[in-house]
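Please open the structure in a viewer and keep the sequence at hand. The tour below proceeds by selection, one region at a time.

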Amino acid sequence: MKILTLILVSSMTFAASVANSKKEVKKASSFDTKEEVIENPTLKTLSGSLKRWSFYSTFAYKGGAINDLTSAERPNIKNAQGTPSLSNISGVFGAKYRLTKSDNISLQAGMYMATPFHSNHTASTSTIQKEFDDNSQELDIDNPVLSYFKTYNLGELQNVSFVKYQHVTRGTEKDYGYQGAAAFSQAMAYRIAKFAYIAASATFTQYFFNKSKTKYMGFDMSLLPYQTERTYQLSLSTEMYLRRNISIRLISDIYSRYQMRRESEMEKRVLQQTIAGTYFFNRDISIAPNIRFIAEDIRADRTNVGLTLNMNL
């Protein structure tokens with residue numbers, strides 16, 4: 001009887017110990033309850049899944065002008081150096097780890113493919129034709145990205161802050177001396193009505209290089225005219241929800257500058273406007289067709305049509 005009593009007491013003590021351990025583990029990982037930090041649907045998709053480990057990705061298709069959606073070429077409406085002249089699919093994909101309820105770290109790889117829907121094309125210029133001949137339908141998986149980001153509220157202002165570094169492994173960019181890029185970006189949203197927000201985004205990017213010249217036909221050629229050292233971007237937007245899972249955003253650049261390597265002055269870039277509609281399949285998956293244009297020069301052949309897909313699983 002004493003032995004039976006001892007076994008019973010020991011079992012109860014062990015069970016109580018296990019129960020307390022489970023409570024402590026649950027308390028230590030309370031952010032696994034998937035509690036939301038912010039409620040704006042666009043920022044929630046941007047911040048990724050609420051799981052501890054998840055697949056974290058964004059893909060973008062950039063097509064032709066609105067008057068020729070099937071064209072392999074796309075107009076350079078911002079007249080920016082280094083902008084691809086061909087339609088393309090680009091993006092990043094990889095893993096995200098949720099450190100706390102509001103802190104995340106991700107490791108992703110970049111992907112890029114020019115003219116994914118065109119196997120042949122007669123270009124408008126010899127330069128674009130060479131770009132097509134060299135890169136058409138070739139899938140590049142490169143340019144790994146390490147990032148840390150945080151979701152939080154400052155009063156009524158919802159925020160996602162990003163710090164990231166991208167290491168350049170893509171051959172075409174390495175040819176121009178690029179080694180990597182560090183960036184800080186901030187996305188914010190303020191709710192002004194039940195189904196409307198005012199939002200802003202700002203990005204600063206600093207590029208790094210490992211060479212300033214290269215050999216071309218046996219001669220030294222300077223790469224400095226092709227090397228952008230840093231960029232600054234600020235935009236404002238209005239976001240309206242027609243339904244809980246359908247929104248329309250009107251986005252306008254209000255500041256856009258870039259500085260070439262070893263130059264002291266910053267140059268202006270043309271300010272771009274975007275109209276985007278977003279359909280949210282659920283919290284973590286959304287698709288957004290968009291049209292980009294320059295308000296001062298609105299023409300059908302001076303637009304860019306595209307599509308952005310966010311998938312967090």
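Which residue in β7 is the bridge partner of A182? Select Q206, which is that partner. Please bear in mind throughout that this is a predicted model.

**The paired strands**

Extend the selection to strand β6 (residues 178–193) and strand β7 (residues 196–209); they run antiparallel and are joined by 14 bridges. Two residues lie between β6 and β7, and the two strands form a hairpin. Next, add strand β10 (residues 228–243), which pairs with β7 in the antiparallel sense over 11 bridges. Within this pairing, Y197 is found opposite E239 of β10.

**From β6 to a loop**

Return to β6 and display R191 together with E39. These residues form a salt bridge, with the closest N and O atoms 3.4 Å apart. Because E39 belongs to the loop between α1 (2–28) and α2 (41–47) while R191 belongs to strand β6, the pair ties together parts that are 152 residues apart in sequence. E39 is partly exposed, at 31% relative accessibility, and R191 is likewise classed as partly exposed, at 37%. A search of the whole structure finds 15 salt bridges. Another selection to make is K215 with D220, whose side chains meet in a salt bridge at 3.1 Å, N to O. K215 is exposed, with a relative accessible area of 59%. Then select E36, K44, R283 and D284, which are joined into one network by salt bridges that share partners.

**Helix α3**

Now select helix α3 (residues 126–135) and colour its buried residues, I128, Q129 and F132. They lie on the same side of α3 because they cover an arc of only 105 degrees around the axis. The other side of α3 carries the exposed residues S126, T127, K130 and D133. K130 forms a salt bridge with D134, the closest N and O atoms being 2.7 Å apart. Both residues lie in α3, four residues apart, about one turn of the helix. An α-helix has 3.6 residues a turn, so residues three or four places apart point the same way. At the start of α3, inspect T125: a side-chain oxygen of T125 comes within 3.2 Å of the backbone nitrogen of I128. After α3 comes Q137, with a positive phi near 60 degrees.

**A nonpolar patch**

Finally, show the surface of L99, I105, L107, L146, Y148, V163 and F184, which make a nonpolar patch of about 610 Å². β3 (103–114) and β4 (140–154) each supply at least two residues of this patch. Y148 lies in strand β4 and is partly exposed, with a relative accessible area of 33%.

Technical notes:
Residues numbered from 1 in each chain as written. Predicted model: local features only at pLDDT ≥ 70, side-chain atom pairs only at ≥ 80, totals over all residues. Heavy atoms only, no water. Buried < 20%, exposed > 50% of the residue type's maximum accessible area, 1.4 Å probe, protein only. Arc of directions from axis to C-beta. Polar contact = N/O pair within 3.5 Å; in protein donor to acceptor, adjacent residues only side chain to side chain. Pairing = 2+ DSSP bridges. Patch = residues over 30% accessible without salt bridge, like charges linked within 9 Å, V, L, I, M, F, W, Y side chains within 5 Å. Areas by Shrake-Rupley, 256 points an atom, 1.4 Å probe, with all protein chains shown as cover. Salt bridge = Lys/Arg side-chain N within 4 Å of Asp/Glu carboxyl O.
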